[in-house]
Amino acid sequence: MTQEPLLPFLPDESLFSLVSRHHRLWGDGASQDTTRACFGHDHCGSQHDFPTSLGHLAGGRLKVLGVARDVARERTLLRFYLPFLSVIEIATVVESMLRTGRGRSGFVIVRSPDAAHYPLKACLDCMRYSVKEHGWVYWKLTHQFPGCWICPVHCAPLYVCRIKWNGVRRNEWVLPSRDGLAGDWADSMKRVSFEQLSRLGELIRRLVCPSLEIGWVSAAGARLAIRARLNEHGWVTAAGSVRLKEAARSFIETLMQIRVAPDASKIPIDVFGVALRLGRMVEDSRERIHPIRYLIAVHWLFSDADDFIRSLRSS
């Protein structure tokens with residue numbers, strides 16, 4: 001039997017995007033038919049952030065994609081979390097992604113109110129370029145990272161996929177299209193907000209660089225680096241207590257500029273709320289802090305990723 005031709009991954013393409021392109025290649029039939037053919041289930045596998053049933057890839061219609069565990073780590077949103085999780089935590093998430101079923105208990109590690117959902121995002125200029133260069137539009141994985149809202153190549157705001165954002169057609173395979181994207185969040189964005197979001201996105205991409213080691217940004221290390229920088233600003237007393245309200249007033253100035261982004265709109269900007277969040281980040285607590293909280297604090301306190309890396313390693 002002749003193996004049907006399959007599409008290769010395009011640069012920085014997510015698994016969801018690749019399956020969506022095959023769905024288009026195979027005739028744009030019912031999405032559940034494509035899901036069943038690739039993942040052995042009507043719905044599992046169609047999640048654009050942390051797909052499940054990846055263990056079925058080797059025996060499904062896309063059997064030549066590669067090792068499922070590698071696909072989970074390198075072509076899904078798990079890629080964003082690799083610097084912040086331990087090897088054991090990553091293995092827990094990967095095993096949950098390999099299993100068939102709709103249970104999401106294994107994803108508690110990467111869920112929090114700060115990242116309750118992950119909108120699909122695309123750059124209109126990237127879409128025009130990819131059609132010309134590759135003959136396809138597709139979803140870029142690094143565009144999907146939490147906190148990334150400005151395309152680093154075209155310096156343009158990322159648009160949100162309406163279908164996946166409202167959840168009504170969350171199990172469908174879709175590719176970015178101008179009619180299916182909404183960019184109204186950026187309509188009233190001021191220059192200072194654009195610059196702050198651009199810097200935040202660059203920081204995130206640099207720290208999530210695949211050449212860096214898995215788990216290299218531990219919560220303890222980030223906490224120490226942030227405390228050290230707070231101390232440099234004079235926000236730590238001789239006894240070691242953090243002057244949270246004073247620091248919070250400065251932090252709010254940065255938060256006000258990034259709250260225009262949809263996934264940051266619910267961040268508190270009152271002194272009490274910000275001081276509470278900051279205290280949880282810098283105190284020795286067992287509470288799990290989502291990486292995006294640390295990343296926003298790093299964006300506030302450090303000039304760039306290299307500045308933070310130096311502090312992290314000296315801590």
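In this predicted model, C155 is exposed, with a relative accessible area of 51%. The cut-off for this term is a relative accessible area over 50%, so the value of C155 satisfies it. C155 lies in the loop between β2 (150-151) and β3 (156-157). Its backbone also deserves attention: C155 is not a glycine, yet its phi is positive, at about 50 degrees.

A second residue invites study beside it. S53 is likewise a residue other than glycine with a positive phi, in this case near 65 degrees. S53 is found in the loop between α2 and α3. Is S53 buried or exposed? At 0% relative accessibility, S53 counts as buried, because the limit for that class is under 20%.

**Cysteines and disulfides**

The loop between α2 (31-39) and α3 (68-74) also holds C44. How many disulfides does a search of the whole structure find? The search finds zero. For C44, the nearest cysteine sulfur is that of C38, 13 Å away, and C44 is in no disulfide. A disulfide is a covalent bond between the sulfur atoms of two cysteines. The criterion applied here is a pair of cysteine sulfur atoms within 2.5 Å, so the 13 Å between the sulfurs of C44 and C38 does not meet it. C161 is in no disulfide either; the nearest cysteine sulfur to it, that of C123, is 15 Å away.

Both residues can also be described by their accessibility. C44 is buried, with a relative accessible area of 0%, and C161 counts as buried at 3%. The position of C44 may further be related to that of K140: the two residues are 96 places apart in sequence, and their C-alpha atoms are 21 Å apart in space.

**The sheet**

Three strands form an open sheet, and their order is β1-β4-β5 with antiparallel pairing. Which strands stand at the edges? They are β1 (121-122) and β5 (181-182), each of which pairs on one side only. Strands of a sheet pair through backbone hydrogen bonds, either parallel or antiparallel. Between β1 and β4 (residues 159-161), the antiparallel pairing extends over two bridges. At the level of single residues, K121 has V160 in β4 as its bridge partner.

**A buried histidine**

H23 lies in helix α1 (residues 15-25). With 4% relative accessibility, H23 counts as buried. Which residues does H23 touch, when those up to four places away in sequence are not counted? The contacts are D28, G29, A30, S31, T34 and W173.

**Helix α12 and its cover**

Helix α12 is mostly covered, and 11 of its 11 residues are buried. Among them are P291, R293, Y294, H299 and W300. What covers these buried residues includes α4 (78-81), α8 (191-207), α9 (219-232), α10, α11 and α13 (305-314).

**Cavities**

The structure holds three cavities of 30 Å³ or more. The table describes the largest and the second largest.

| Cavity | Volume | Lining residues | Nonpolar, polar, charged |
|---|---|---|---|
| Largest | About 60 Å³ | F251, L255, I267, R277, M281, R293 and I296 | Five nonpolar, no polar, two charged |
| Second largest | About 50 Å³ | A122, C123, C126, M127, S130, Y138, K140 and H143 | Five nonpolar, two polar, one charged |

Which elements give two or more residues to the lining of the largest cavity? They are α10 (244-258), α11 (271-282) and α12 (291-301). The lining includes R293 and I296, and both of these residues are among the buried residues of α12.

In the lining of the second largest cavity, helix α6 (residues 124-134) gives the most, with three residues. Several residues named earlier return in this lining. One of them is K140, whose C-alpha lies 21 Å from that of C44. Another is C123, which holds the nearest cysteine sulfur to that of C161.

How values were computed. Residues are numbered from 1 along each chain as its sequence is written. This is a predicted model: local features need pLDDT of at least 70, side-chain atom pairs count only at pLDDT 80 or more; totals for chains, interfaces and linings use all residues. Side-chain values use heavy atoms; hydrogens and water are left out. Two strands pair if DSSP finds at least two bridges between them. Helices (H or I, at least four residues) and strands (E, at least two) are DSSP runs, numbered from the N terminus. Buried means under 20% relative accessible area, exposed over 50%, partly exposed in between (1.4 Å probe, protein chains only). Contact means heavy atoms within 4.5 Å. On a 1 Å grid over the protein atoms alone, a cavity is a set of points where a 1.4 Å probe fits but cannot get out, and a pocket is an open set with protein on both sides within 12 Å along at least five of seven lines; lining residues have an atom within 4 Å of a point. Grid points are joined across faces, edges and corners, and a volume is the space filled by probe spheres set on the points. Ala, Val, Leu, Ile, Met, Phe, Trp, Tyr, Cys and Pro count as nonpolar, Asp, Glu, Lys and Arg as charged, and the others, Gly among them, as polar.
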